Amino acid sequence: MDILGEIAKGIGSLFIQPALYVAILLVIVAGFSRIRWERKAFHVSIHSPWQELKGFFGIGLLFGLTLSIVTFFIGLTLTITWIAIFNVVMIVLLLVGLFRMASTAYTIGITSLAYYAVYYFNLDLSPFVDQMLPLRDLYVDNFMIVLVLLLALLLAVEAFLIQFSGANHASPMLRKSGRGKLVGAFQLRRLWFVPLVCFIPGHGFAALFDWWPVFQIGNQSFALMILPLVIGFQQQVQSQLPAQAARKLAVRITSLAIVVALIGVVSIVVPILTLLGFVVAIIGRFWVSYRHRADERNAPFKFTPQPDGIMILGARDNTPASRMSLLPGEKILEVNGQPVRNREDLYEALNENRAYCKLKVQDNNGEPRIVQTALHEGDSFELGLFMVEAR
């Protein structure tokens, strides 16, 4: 069978791995649960309930394609046992930790440690047994070295995704501070699908599915499979802008990726260090999340009611507020020349001129700016603003 046919069959392998279905279901449920708490806080939904699903099949596919080209030509080889453990680990982490535990530091790190335990203790995981490559015949040190280096690369991809798209469509929310004061915050929650091409040695998969294609490379037999990797994170932001928080997370995860890569390189000489690499990845990623929560808990709130204006949390798409490019963290000082302190002041000033809106805004650098737009009929009652105000 030609290579294009094999690739088509490899794509089909996605649909026999339950972790993919669990991830898709989780993303759909997350979208509709977000709609509920948006309506509870603001009495209106902000983004489409399918926003998370669109992001799931977004830029991650491009990274998956790029990485797959690399892994295809270097001949990344995984075993059926490893893939079976991976699916179980990812399903458990998604169900227990939701987006928070969707980092490859956890999924690949825990899977690889569990796989090494299976190898070390010679456990029988039938029917997920590599028929043409018995576990004891595997060069486990080389296998683990490749996985550590792959994990380091995927952590770097995770950092990139968080920095450049992790804050997109951040969901504003209202919550009470420890003193019972109403403050604004943002929920950063994303899950990306990153399909990764890999080879399975021998006729192992055909032993489970007799219709599965097998082809030859040299004197060895391989089956082609696509591994349904997902990369995700979830953090709450209340002391800084979402983009700033995403950048800080990305920097810390990039540092972790470098450390794991260095351990992977050293493990070429001292193979047992691969286990340290997985442990460092797991603990390091947990520390990154914990450090972010601790920083947010100890920092002063940014999105609070203001004595001299109205704090903006965001703007709905295709509304006067979005046309004026009003941004989270900015503060409305005047409307049509009148100072405003709350929602009532704002709409009273708008009613002075129902066909026009001119705002004096203090931006996130503390500098004033003027924004304006024409208002259509009904716009004065629905600017599309999400605000933080005393209640």
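User: Glu158 and Arg285: buried or exposed?
Analyst: Both are buried, Glu158 as well as Arg285. Bear in mind that this is a predicted model.

User: What makes Glu158 and Arg285 a salt bridge?
Analyst: Their side chains meet at 2.8 Å, N to O, and the cut-off is 4 Å, so the pair qualifies. Glu158 sits in helix H7 and Arg285 in helix H10 (residues 273-298), so the bridge ties together parts 127 residues apart in sequence.

User: How many salt bridges does the structure hold?
Analyst: There are 7. Another one of them joins Glu52 and Arg34 at 2.6 Å, N to O. Here Glu52 is in helix H3 (residues 51-56) and Arg34 in helix H2 (residues 18-42), 18 residues apart.

User: Why is Arg34 called buried?
Analyst: Buried means under 20% relative accessible area. Arg34 has 1% relative accessibility, so it counts as buried. Glu52 comes in at 10%, so it counts as buried too.

User: What joins Arg34, Glu38 and Glu52 into one network?
Analyst: Salt bridges that share partners do that.

User: Lys331 and Asp308 also pair up. Why is Asp308 called partly exposed?
Analyst: Partly exposed covers the range between 20% and 50%. Asp308 has a relative accessible area of 35%, so it falls in that range. Lys331, at 10% relative accessibility, counts as buried. Their side chains meet at 3.0 Å, N to O, with Lys331 in strand S6 (residues 331-335) and Asp308 in the loop between H10 and strand S5 (310-315).

User: Let's turn to the nonpolar side. What makes Ile69 eligible for a nonpolar surface patch?
Analyst: A patch member needs over 30% relative accessible area and no salt bridge. Ile69 has 45% relative accessibility, so it clears that area cut-off. The patch covers about 740 Å² and is made by Ile59, Leu62, Leu65, Ile69, Phe73, Phe160 and Phe164.

User: Which helix gives the largest share of the nonpolar patch?
Analyst: H4 does, with 5 residues. Ile69 lies in that helix, and H7 (140-165) supplies at least two residues of the patch as well.

User: Ser68 is in H4 too. How do you know that Ser68 is buried?
Analyst: Its relative accessible area is 9%, and the cut-off is under 20%, so Ser68 is buried. Leaving out residues up to four places away in sequence, Ser68 touches Pro195, Leu196 and Val197.

User: Which residues touch the most other members of the largest nonpolar core?
Analyst: Trp82 and Leu155, out of 88 residues. H7 gives the largest share of this core, 14 residues. Domain 1 (3-298) and domain 2 (310-388) each contribute at least three residues. Apart from that core lies another, of 19 residues, including Val340 and Cys357.

User: Why is Ala257 called buried?
Analyst: Ala257 has a relative accessible area of 6%, which is under 20%, so the word applies. This residue lies in helix H9 (residues 242-266). Its contacts, leaving aside neighbours within four places in sequence, are Ala152, Leu155 and Ala156.

User: How many residues separate Ala257 and Leu155 in sequence?
Analyst: They are 102 residues apart in sequence and 5.3 Å apart in space, C-alpha to C-alpha. Leu155 is also in contact with Ser103, Thr104, Ala105 and Ile253, among others.

Key
Residues numbered from 1 in each chain as written. Predicted model: local features only at pLDDT ≥ 70, side-chain atom pairs only at ≥ 80, totals over all residues. Heavy atoms only, no water. Patch = residues over 30% accessible without salt bridge, like charges linked within 9 Å, V, L, I, M, F, W, Y side chains within 5 Å. Areas by Shrake-Rupley, 256 points an atom, 1.4 Å probe, with all protein chains shown as cover. Helix = DSSP H or I, 4+ residues; strand = E, 2+ residues; numbered from the N terminus. Buried < 20%, exposed > 50% of the residue type's maximum accessible area, 1.4 Å probe, protein only. Core = buried A, V, L, I, M, F, W, Y, C linked by side-chain atoms within 4.5 Å. Domains from an automatic or database assignment. Contact = heavy atoms within 4.5 Å.
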